[in-house]
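Biologist: Please show me the structure. I would like to ask why certain terms are applied to parts of the chain.

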Amino acid sequence: MVDTVEESAQNGVYKKRPFMCSLLDPNAWFKPERLHPRVESLIYWRDVKKSGIVFGAGLVTLLAISCFSVISVFAYLSLLLLAGTIAFRIYKSVMQAIQKTSDGHPFKEYLEFDLTLSQEKIQNIAGVAVAHINGFTAELRRLFLVEDLVDSIKFGVILWVMTYIGAWFNGMTLVILAFVSLFTLPKVYENNKQSIDTYLDLARSKVAEVTEKIKAAIPIGNKKPVAAETDKDK
């Protein structure tokens with residue numbers, strides 16, 4: 001079975017999206033119906049114990065990577081995991097020998113778990129990835145070649161703000177902040193959805209109003225109606 005979830009609605013019908021695409025799409029974080037059920041359960045803390053374990057382990061790993069090399073962190077975590085599984089295997093074997101039971105391998109369930117990637121899943125992931133890459137490339141072309149002057153100016157402002165963000169934080173710090181946001185902001189939004197939506201709608205209306213004023217004030221890209229030009233020529 002392909003590990004997917006519904007993506008975006010078109011005429012009330014949602015498209016299927018892979019697990020990782022569901023996780024890496026910030027726009028979907030605040031729309032549980034667009035998330036994979038496992039992602040939705042984790043970041044909305046449906047199971048507090050499971051979410052706490054994933055959040056704590058992920059945060060510790062990211063903090064370790066920020067202080068040490070990725071190779072060192074990977075090696076130490078793998079050694080810790082290997083030591084734990086060996087100790088547990090020996091413990092279960094001793095207990096089976098003492099109790100004279102035949103429970104079998106303690107990790108039998110995980111050893112039989114199918115980890116192979118089906119062709120259908122790979123094609124699904126590749127299709128979603130290609131669609132995102134094409135959309136991203138087309139949007140960059142539109143912004144850099146100034147198809148819409150106001151949008152390009154707003155893009156320039158965003159890039160200018162990013163220069164300051166880059167001066168304040170390094171890449172790993174931003175990854176840690178994004179990880180913490182993933183496990184906090186969606187739940188905060190869910191608990192305060194009505195009041196947050198009110199302020200967001202107000203902010204959007206103000207931005208739209210300012211954008212319209214800027215477009216009206218800038219003559220570039222404002223085309224005269226064909227009928228008006230015809231009357232003027234006459």
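Modeller: Over residues 53-86 the chain is 94% helix and 0% strand, with the end C-alpha atoms 22 Å apart. This is a predicted model.

Biologist: What feature does UniProt place at residues 53-86?

Modeller: The unreviewed UniProt entry gives "transmembrane region" there, and also at residues 157-185. Residues 157-185 are 93% helix and 0% strand, and their end C-alpha atoms lie 25 Å apart.

Biologist: How do you know that the end C-alpha atoms of helix 5 are as far apart as they should be?

Modeller: Helix 5, residues 70-99, has 30 residues, so at 1.5 Å a residue the expected span is 44 Å. The end C-alpha atoms are 43 Å apart, which agrees. After helix 5 comes K100, with a positive phi near 55°.

Biologist: Why is S152 called buried?

Modeller: Buried means under 20% relative accessible area. S152 has 13%, so S152 is buried. S152 sits in helix 8, residues 149-168. Beyond its neighbours within four places in sequence, S152 is in contact with R142, L143, V146 and E147.

Biologist: Why is L174 called partly exposed?

Modeller: Partly exposed lies between the 20% and 50% cut-offs. The relative accessibility of L174 is 37%, so L174 counts as partly exposed. L174 belongs to helix 9.

Biologist: What makes up the nonpolar surface patch of about 900 Å²?

Modeller: Its residues include W160, Y164, F169 and L174. Helix 8 supplies the largest share, six residues. Helix 8 and helix 9 each supply at least two residues of the patch.

Definitions and conventions:
Residues are numbered from 1 along each chain as its sequence is written. This is a predicted model: local features need pLDDT of at least 70, side-chain atom pairs count only at pLDDT 80 or more; totals for chains, interfaces and linings use all residues. Side-chain values use heavy atoms; hydrogens and water are left out. Helices (H or I, at least four residues) and strands (E, at least two) are DSSP runs, numbered from the N terminus. The expected span of a helix is 1.5 Å times one less than its number of residues. Buried means under 20% relative accessible area, exposed over 50%, partly exposed in between (1.4 Å probe, protein chains only). Contact means heavy atoms within 4.5 Å. UniProt positions are given in the numbering used here, feature names are shortened, and annotations may be inferred rather than shown by experiment. Patches are made of residues with over 30% relative accessible area and no salt bridge: like charges are joined within 9 Å, nonpolar side chains (Val, Leu, Ile, Met, Phe, Trp, Tyr) within 5 Å. Accessible areas come from the Shrake-Rupley method with a 1.4 Å probe; for residues, only the protein chains shown count as cover. A salt bridge is a side-chain nitrogen of Lys or Arg within 4 Å of a carboxyl oxygen of Asp or Glu.
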